[in-house]
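Here is a short report on the fold and pockets of one chain. Keep the sequence and the 3D view at hand while reading.

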Amino acid sequence: MPQPAIFDVDGQVFTNFPTWLDIGNIKRIAIITSLSMTVKYGSLGSGGVVVINTFSGPPTPESHSKKYLGNSEFYDGDAVGMDVIRNNWPEYKKSLYASTSLGMAKSQYIKWSEKYGGAPYFVLDTQDFFATEMNDPEFAQQIVNEHYSEFQNNPVLLKALAYQYEVQGERKKANDIYKEIFLLRPHYAQSYLDMARSYRDLGQFNQAAAIHARYNYLLDEGFMEADIQSVQEIMSTEFNNLLSMENVLVERQLKNESNLEKPLKKGTRLVFEWNDGEAEFELQFVSPVGQSHFWKHTLQDNGDLIEREKKYGFSTMEVTIDEDLPGTWVVNAKYLGNKSLTPTFLKATIYSDYGSDKQQKEVKLFALQLKEVNQKLFSVSNAKGVALN
């Protein structure tokens with residue numbers, strides 16, 4: 001069977017015809033069939049390449065809306081796997097994961113706690129180990145209780161703990177932590193977003209909607225400011241999805257156009273959050289054809305965004321998988337550090353079939369600590385019925 005041609009639109013590659021393209025915006029079309037000219041596209045280019053240059057530059061259709069905000073290039077496979085990350089774990093963590101029984105693991109914990117017991121990240125590591133690897137949530141909670149004074153009044157640490165509870169399925173505990181953070185940061189947009197998500201996880205849909213409605217009221221009355229470039233779109237997306245999927249009715253009078261309902265997003269949606277606003281990192285999204293797109297959370301590349309995050313109080317971004325490229329996508333991250341020597345916790349929420357009656361989500365958590373190394377986080381398919389990895 002002949003190999004179909006692919007389409008290169010302003011440097012971005014598509015296996016299907018870009019139907020979103022405005023014909024009036026096309027500046028030049030070229031058809032390449034020469035092997036020497038298509039070699040950079042690999043086997044995908046064996047059927048030829050239709051190169052399209054536009055007057056406006058790189059395409060920005062709605063399916064790309066949560067802009068990759070960076071240059072695109074072909075992935076060279078440099079991301080390291082979990083084996084490299086494990087090799088760089090602290091010694092206490094290596095010894096815990098080498099334990100062959102619960103008793104041995106507890107002995108290792110007692111041994112290392114003499115040295116690291118006062119370190120919050122030791123508490124986070126050991127809590128997660130006993131909750132997930134040893135299936136002993138009671139002992140895991142005992143560890144937290146004994147050292148909770150290290151977490152109180154520290155929203156960065158509390159967020160990391162809440163993330164862990166979410167991944168572990170401890171939704172009520174996560175909700176309690178988010179309430180604490182809310183009291184510490186009552187004027188942060190992220191506080192409202194986290195509380196609404198947490199109540200939704202608990203099945204308290206009306207309470208989740210009330211949080212959104214309260215946030216919108218504060219915006220309307222001028223008690224809070226909206227960042228319509230970033231977090232406000234995420235808030236609107238989640239509010240509209242909540243109202244649609246859970247059949248929640250809310251009376252509201254909205255004055256700001258940024259709060260008005262928009263068409264529901266559909267497809268595969270990825271939402272990223274991080275516990276430390278000072279963290280710098282790069283996210284890499286590798287398409288099924290091997291093309292990579294970057295989103296950079298660095299002062300050098302995205303200083304305006306980081307300034308808005310601090311002003312409006314949020315630490316989240318979203319990406320909608322391009323439906324024009326079905327197949328498996330790979331998500332990698334390169335950690336560049338924060339203002340301390342502590343790790344940054346990056347939470348990824350993966351929504352499949354978003355906006356449909358089959359909508360599902362999975363939460364993953366990554367402790368970013370190894371610097372300047374591209375690390376594979378996970379892979380995901382936007383084809384229906386394919387499991388997440």
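The chain holds 12 helices and 13 strands. The model is predicted. Of its 389 residues, 52% count as buried. Among contacts with a separation of 6 or more, 69% join residues 24 or more positions apart.

## The four-stranded sheet

Start with an open sheet. Four strands make it up, in the order β9-β6-β11-β12, and the pairing is antiparallel. β9 and β12 stand at the edges with a single partner strand each, so each has one side without a neighbour in the sheet. On average, neighbouring strands of this sheet are turned by 15° against each other, direction ignored.

How is β9 placed relative to the rest of the structure? This strand covers residues 316-320, and 5 of the 5 are buried, so the rest of the structure largely encloses β9. Both of its faces are covered. Thr316, Glu318 and Thr320 are buried on one side. Met317 and Val319 are buried on the other. An edge position in the sheet thus goes together with burial on both faces.

β9 pairs with β6. The two run antiparallel and are joined by 5 bridges. Leucine 270 stands opposite valine 319 of β9. Valine 319 is itself one of the buried residues of β9.

A helix also meets this sheet. α11 lies across β6, β9 and β11. Relative to β9, α11 runs at about 65°.

At the other end of the strand order, β11 and β12 run antiparallel, with 9 bridges between them. Threonine 344 has leucine 368 in β12 as its bridge partner. Threonine 349 stands opposite valine 363, also in β12. The two strands form a hairpin with 5 residues between them. Glycine 355 lies in the turn and has a positive phi of about 85°.

## Strand β4 and its partners

Now turn to the N-terminal part of the chain. β4 spans residues 49-54, and 5 of its 6 residues are buried, so β4 is largely enclosed by the rest of the structure.

Two pairings of β4 can be followed. Strand β1, residues 6-9, runs parallel to β4 and is joined to it by 4 bridges. Here phenylalanine 7 stands opposite valine 50 of β4. Strand β3, residues 26-32, runs antiparallel to β4, with 6 bridges. In that pair, isoleucine 26 stands opposite threonine 54 of β4.

## Helix α6

α6 runs from residue 137 to residue 146. Its buried residues are Phe139, Ala140, Gln141, Ile143 and Val144. An α-helix has 3.6 residues a turn, so residues three or four places apart point the same way. The cover over the buried residues of α6 includes α4 (102-116), α5, α7 and α8 (171-184).

## The two largest pockets

The table sets the pockets side by side.

| Pocket | Volume | Lining by class |
|---|---|---|
| Largest | about 930 Å³ | 21 nonpolar, 7 polar, 8 charged residues |
| Second largest | about 360 Å³ | 8 nonpolar, 6 polar, 11 charged residues |

The largest pocket has about 930 Å³ of space. It is lined by 36 residues, and the closest to its centre are Met82, Trp89, Lys93, Phe366 and Ala367. Which elements supply at least two residues each to this lining? They are α2 (82-87), α3 (91-97), α5 (120-133), α7 (155-167), β12 (360-368) and β13 (374-381). The largest share, 7 residues, comes from β12.

The second largest pocket has about 360 Å³ of space. Its lining counts 25 residues, of which Arg200, Asp201, Tyr351, Gln359 and Lys361 are the closest to its centre. Two or more lining residues come from each of α9 (189-201), α10 (205-220), α11 (231-245), β6 (267-274), β11 (344-354) and β12. α9 gives the most, with 6 residues.

Some elements described above return here. β12, an edge strand of the open sheet, supplies residues to the largest pocket and also to the second largest. α5 and α7 are part of the cover of α6 and also help to line the largest pocket. α11 lies across strands of the sheet and contributes to the second largest pocket.

Key
Residues numbered from 1 in each chain as written. Predicted model: local features only at pLDDT ≥ 70, side-chain atom pairs only at ≥ 80, totals over all residues. Heavy atoms only, no water. 1 Å grid on protein atoms, 1.4 Å probe; cavity = no way out; pocket = protein on both sides within 12 Å on 5 of 7 lines; lining within 4 Å. Points joined across faces, edges and corners; volume = space filled by probe spheres on them. Nonpolar A, V, L, I, M, F, W, Y, C, P; charged D, E, K, R; others polar. Buried < 20%, exposed > 50% of the residue type's maximum accessible area, 1.4 Å probe, protein only. Pairing = 2+ DSSP bridges. Axes fitted to C-alpha atoms, helices over the stretch in contact; angles between N-to-C directions. Contact = heavy atoms within 4.5 Å.
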